Amino acid sequence: MFTQRIYNFSAGPSMLPLPVLERAAAEMTNYAGSGMSVMEMSHRSKAFKAVFDETKALMREILSVPDTHEILFMQGGATGQFAAVAMNLMGVTGRADYAVTGNFSSLAAKEARKYGEVHIVCDTSDKNHTYIPREADLTLSPDAAYLHYCANNTIYGTEWDYVPAAPCPVVADMSSNILSKPVDVAAHGVIYAGVQKNMAPAGMAAVIVEKSLLGREMPITPTILSYKTMVEKDSMYNTPPTYNIYMLGLVLQWVKEMGGLAGMEELRELRAGMLYDFLDNSSLFTGCAERGSRSKMNVTFRTASPELDAKFVKEAASQGLVSLGGHRIVGGMRASIYNAMPVEGVRKLVAFMEKFELENK
Ligand SMILES: *Cc1c(COP(=O)(O)O)cnc(C)c1O
């Protein structure tokens, strides 16, 4: 049992900034003199409308979303967007390009196959998804309705350090690295993110969609997944996840106070640098991803044996460094170090790894 907050390295749902949780707690039963919790408010009320508008405006400001793009809050998480992207965009040519660099991009491609022809422009499973392909190696098709890639591979710990250029709209799953560094929104037709990694509690996807792409959806598209309808209804075709939107607003305010995306990028470089520097000099632990492809959000590593890995995860947890086990499909360890992970948490983790290495040589 812990009597204090601990360092939670979970890949998602994951840590939220402490000031955000404290503010939400303080406002829990009586939001801004409304006499009620945000959870209890009508989504049509004046008070909630203000929360909603402010959250959207902050997201536009912090991510520098140009006027050419709309911001949506949708339910169904990132997985819902696997279908939404295909149904909203694929109909144009009946064909889409997918870069497969891990589990989620593979699932996205699988979902899209229900609605049209999927062309795989790269598949990094040849090396167990330990690398990101070079741009020149992507075999783009001439008539794809869009190119889909997953900007950060949460499970394998790799991250694209470029936006792939394509003759069609580019769609990115940014679930696990959105808000961690500046992003060229204009280079994308659609950006989506399940919010439970870097944005808010689980239960919603944040979507940025280029206006010129609206209205291309297949007739069978469920209304709730239609970007056009959701834009027309300002994400309120039905009751939106109101509390998630409020929490996202608090997180965005925190990001802004911390220096915006430049501030977040500085912190992510610092956290990831500490861990990778240690891994590169360790005789016990090895990083899983290739150097040029390493994720600064999810650091994957292992020892020489699954038994020692298990011992590490267990002993770390007893020290208040929890959820360090790798995803069940890859094993080993994974430290998810999203925006809300304090630098101190990574310092403690590295110190524990040093100690564990000495004790288990
Ligand atoms: C977590 C994650 C998903 C799945 O998100 P859900 O909200 O659970 O559907 C998809 N893509 C990436 C990159 C993720 O990290």
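How far apart do the C-alpha centres of domain 1 and domain 2 lie? In this model, which is a predicted one, the answer is 27 Å. For orientation, the domain assignment puts domain 1 at residues 21-257 and domain 2 at 260-359.

Okay, so what does the contact between them look like? Domain 1 puts in 28 residues, and domain 2 puts in 24. As you'll know, people often give the size of an interface as the accessible area lost when the parts come together. Here, domain 1 and domain 2 bury about 2100 Å² between them, and carbon and sulfur atoms carry 54% of that.

Now the polar side of things. Across the interface of domain 1 and domain 2 we get 15 residue pairs in polar contact, counting pairs where both residues are at pLDDT 80 or more. As for salt bridges, the count between the two domains is two. Here's a salt bridge you can pull up on screen: the side chains of E159 and R268 meet at 2.7 Å, N to O.

Which elements give two or more residues to the side of domain 1 that touches domain 2? Those are β7, residues 158-159, and α6, residues 242-257. The largest share of that side comes from α6, with three residues.

And if you sort that side of domain 1 by class, you find twelve nonpolar residues, ten polar ones and six charged ones.

So, to take away: two domains with centres 27 Å apart, about 2100 Å² buried between them, and two salt bridges across the contact. That's it from me.

Technical notes:
Residues are numbered from 1 along each chain as its sequence is written. This is a predicted model: local features need pLDDT of at least 70, side-chain atom pairs count only at pLDDT 80 or more; totals for chains, interfaces and linings use all residues. Side-chain values use heavy atoms; hydrogens and water are left out. Domain bounds come from an automatic or database domain assignment. Contact means heavy atoms within 4.5 Å. Buried area is the accessible area (1.4 Å probe) that two parts lose on being put together, summed over both. A salt bridge is a side-chain nitrogen of Lys or Arg within 4 Å of a carboxyl oxygen of Asp or Glu. A polar contact is a pair of N or O atoms within 3.5 Å; within protein, one must be able to donate a hydrogen and the other to accept it, and residues adjacent in sequence count only if both atoms are side-chain atoms. Helices (H or I, at least four residues) and strands (E, at least two) are DSSP runs, numbered from the N terminus. Ala, Val, Leu, Ile, Met, Phe, Trp, Tyr, Cys and Pro count as nonpolar, Asp, Glu, Lys and Arg as charged, and the others, Gly among them, as polar.
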